[in-house]
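Please look over the sequence and the model below before reading on. The paragraphs that follow go through a few of its side chains, one group after another.

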Amino acid sequence: MPKDIAVLYKSKYGSSKTYSKWISDKLHADIFEIGHVSLNTLNDYNKIIFVSALYAGKLSAIKTIRKLYNSLHNNKKIYCVVIGIGDPNDKDIYNASLDKNFKPNEKENIKFYFLRGCIDFDKLKIHHALMMHMLKTIISSKSVKTEDEQMLLKNYGKKIDFLNKNSIENIVSDIKKEE
């Protein structure tokens with residue numbers, strides 16, 4: 001018997017897992033870590049929600065998302081929640097990341113949402129710390145900085161937390177409308 005919703009996430013530092021838990025709780029959905037669920041299991045669901053974070057414009061779970069998408073998109077509703085540190089209203093950042101990660105036909109068949117996560121510089125793995133240092137260097141050299149860039153420079157090295165349980169309401173509402 002088909003089930004309704006599966007939430008799949010990949011989380012390195014916790015933001016994607018936290019948002020996935022909040023979304024699955026609100027939608028009464030089953031939740032899986034993206035690498036620990038089979039295609040056969042997902043075939044039992046009508047809607048699949050992928051939750052993954054951006055690192056230097058690349059989704060952490062893009063390979064698995066694309067593989068599962070290619071197997072599932074013909075008979076499932078597919079959603080992708082992208083977690084980043086940037087402002088979700090900055091469409092340039094997120095549209096560029098979608099172009100970098102998805103083919104045009106994939107973008108047409110997936111509904112995307114963007115949420116803000118958090119970053120704790122003390123917990124970053126070395127390669128992510130180096131990426132953030134490079135970003136800081138690039139931003140510092142700019143003569144004109146966006147509000148987000150100024151905020152990042154001001155808080156560089158500290159914990160920056162934008163997790164917001166209320167930010168999932170549009171996602172939950174959209175998915176419930178499609179029932």
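A residue is called buried when its relative accessible area is under 20%, exposed when that area is over 50%, and partly exposed in between. With these words in hand, and keeping in mind that the model is predicted, we can turn to the charged side chains.

Side chains of opposite charge can pair when their charged atoms come close. In this structure there are nine salt bridges, and three of them are worth following in detail, together with a network.

Take the pair formed by Lys47 and Asp4, whose side chains meet in a salt bridge with an N to O distance of 3.9 Å. Lys47 belongs to strand β3 (residues 45-55) and Asp4 to strand β1 (residues 3-9), and the pair links distant parts of the chain, 43 residues apart. Is Lys47 buried or exposed? Its relative accessible area is 3%, so Lys47 is buried, whereas Asp4, with a relative accessibility of 32%, counts as partly exposed.

A second salt bridge joins Lys26 and Glu169, and here the closest N and O atoms are 3.2 Å apart. This pair also links distant parts of the chain, since Lys26 sits in helix α1 (residues 15-27) and Glu169 in helix α8 (residues 169-177), 143 residues apart. Lys26 has a relative accessible area of 35% and is therefore partly exposed, and Glu169 is partly exposed as well, with a value of 33%.

The third example is the salt bridge in which the side chains of Glu106 and Arg66 meet, at 3.2 Å from N to O. Because Glu106 lies in helix α5 (residues 104-109) and Arg66 in helix α3 (residues 62-72), the pair ties together parts that are 40 residues apart in sequence. Glu106 counts as buried at 2% relative accessibility, while Arg66, at 24%, counts as partly exposed. Elsewhere, salt bridges that share partners join Lys111, Asp174 and Lys177 into one network.

Not every charged side chain is discussed here as part of a pair. A positive surface patch is formed by Lys10, Lys12, Lys58, Lys63, Lys100 and Lys125. One of these residues, Lys58, is found in strand β4 (residues 58-59), and with a relative accessibility of 42% Lys58 counts as partly exposed.

The cysteines raise another matter: how many disulfides does the structure hold? The number is zero, and the distance between two sulfur atoms helps to show why for one cysteine, because the sulfur of Cys80 is 18 Å from the closest cysteine sulfur, that of Cys118, which is too far for a bond. For comparison, a disulfide is counted when two cysteine sulfur atoms are within 2.5 Å. Seen from the other side, Cys118 is in no disulfide, and the nearest cysteine sulfur, in Cys80, is 18 Å away. As for their surroundings, Cys80 counts as buried at 1% relative accessibility, whereas Cys118 is partly exposed, with a relative accessible area of 23%.

Finally, the backbone deserves a look at His28, which has a positive phi of about 55 degrees although it is not a glycine. Where is His28 found? His28 is in the loop between α1 and β2 (30-33), and at 74% relative accessibility His28 counts as exposed.

Notes: Residues are numbered from 1 along each chain as its sequence is written. This is a predicted model: local features need pLDDT of at least 70, side-chain atom pairs count only at pLDDT 80 or more; totals for chains, interfaces and linings use all residues. Side-chain values use heavy atoms; hydrogens and water are left out. Patches are made of residues with over 30% relative accessible area and no salt bridge: like charges are joined within 9 Å, nonpolar side chains (Val, Leu, Ile, Met, Phe, Trp, Tyr) within 5 Å. Accessible areas come from the Shrake-Rupley method with a 1.4 Å probe; for residues, only the protein chains shown count as cover. A salt bridge is a side-chain nitrogen of Lys or Arg within 4 Å of a carboxyl oxygen of Asp or Glu. Lys and Arg count as positive and Asp and Glu as negative; His and the chain ends are not counted. The place of a charge is taken as NZ of Lys, CZ of Arg, CG of Asp or CD of Glu. Helices (H or I, at least four residues) and strands (E, at least two) are DSSP runs, numbered from the N terminus. Buried means under 20% relative accessible area, exposed over 50%, partly exposed in between (1.4 Å probe, protein chains only).
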